[in-house]
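Grab your viewer and work through these exercises. Each one comes with a solution in steps.

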Amino acid sequence: MMVSMGAVQEDTPVVTIVHDCQVVDIAEELLDDHDLTVDYILTPTRTIKTNCKRPKPQGIIWHKVSYEMLGKIPILKSLRYRERQTGKDVTLQDEHSDLANANTPAALNEKAMAENTRPQAATGSAQIGQHYVESDSLSPRLEGSGMITTVYVGNISPSVRVSELKCALREFHATPLRLNWQGAQHRAFLDYKDKATAESAVSSLKGLSLGGNTLRVELAKNQRNKGQVEINSQK
């Protein structure tokens, strides 16, 4: 992770401190490409220079990262999003299995049928001044539903565009039924079909950083029956 964050480079020395009895030789076949070897070992009695020529990892090996790890280590979400924006392959361990299953003849046929039956105008949107509202016309109507739960997203950098937020929402499987973008106020509101889905989105987006700012993501303080939210409740 430190390589991906730019905190260390290939020539940055790696030092460890252990007891003399912990110094052992490890067979090469026991090492994997994600293992980091050390340059110096400090013990109570000596300093050992390893002279190890094994290449160090060049960053996060995404195909060894699982969705579970992504959830438990929030910084991974921001690093993955950043590297994906630069064009790097950030396919996760779980996604490799999903892709393999998705390439079966049955899955490909189902995907083709879905694309052929998808309406041309699947998404309706409107923009007024600095506010932008987008809703999925294929989703149940928001009006009249008492189940809609709204998520507040704050501390949005002035340099971030709504398209970047939408991309991140898709990346972390947190796409809402409706997105209310209020860029001038550095915030947005996301409507989800129920509280469980909203809470899952909050968990997925926790620790996400866009435009240099770590987003503040939480359930909106004032929920209303029709999925509306009193925007003045968020300061």
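**Exercise 1: a pair across the chain**

At 21% relative accessibility, D20 counts as partly exposed (buried is under 20% relative accessible area, exposed over 50%, partly exposed in between, with a 1.4 Å probe and protein chains only). Before going on: this is a predicted model, where local features need pLDDT of at least 70, side-chain atom pairs count only at pLDDT 80 or more, and totals for chains, interfaces and linings use all residues. Residues are numbered from 1 along each chain as its sequence is written, and side-chain values use heavy atoms, leaving out hydrogens and water.

Task: find which residue forms a salt bridge with D20.

- Step 1. Apply the cut-off: a side-chain nitrogen of Lys or Arg within 4 Å of a carboxyl oxygen of Asp or Glu.
- Step 2. R46 fits, with the closest N and O atoms 3.4 Å apart.
- Step 3. Locate both: R46 is in the loop between β2 (40–42) and β3 (47–49), D20 in the loop between β1 (15–17) and β2, 26 residues apart (strands are DSSP E runs of at least two residues, helices H or I runs of at least four, numbered from the N terminus).
- Step 4. Check R46: partly exposed, at 41% relative accessible area.

**Exercise 2: a pair inside a helix**

Task: work out where E68 and K72 lie.

- Step 1. Both belong to helix α2 (residues 67–72), four residues apart, about one turn of the helix.
- Step 2. Their side chains form a salt bridge, 2.9 Å from N to O.
- Step 3. E68 and K72 are both exposed.
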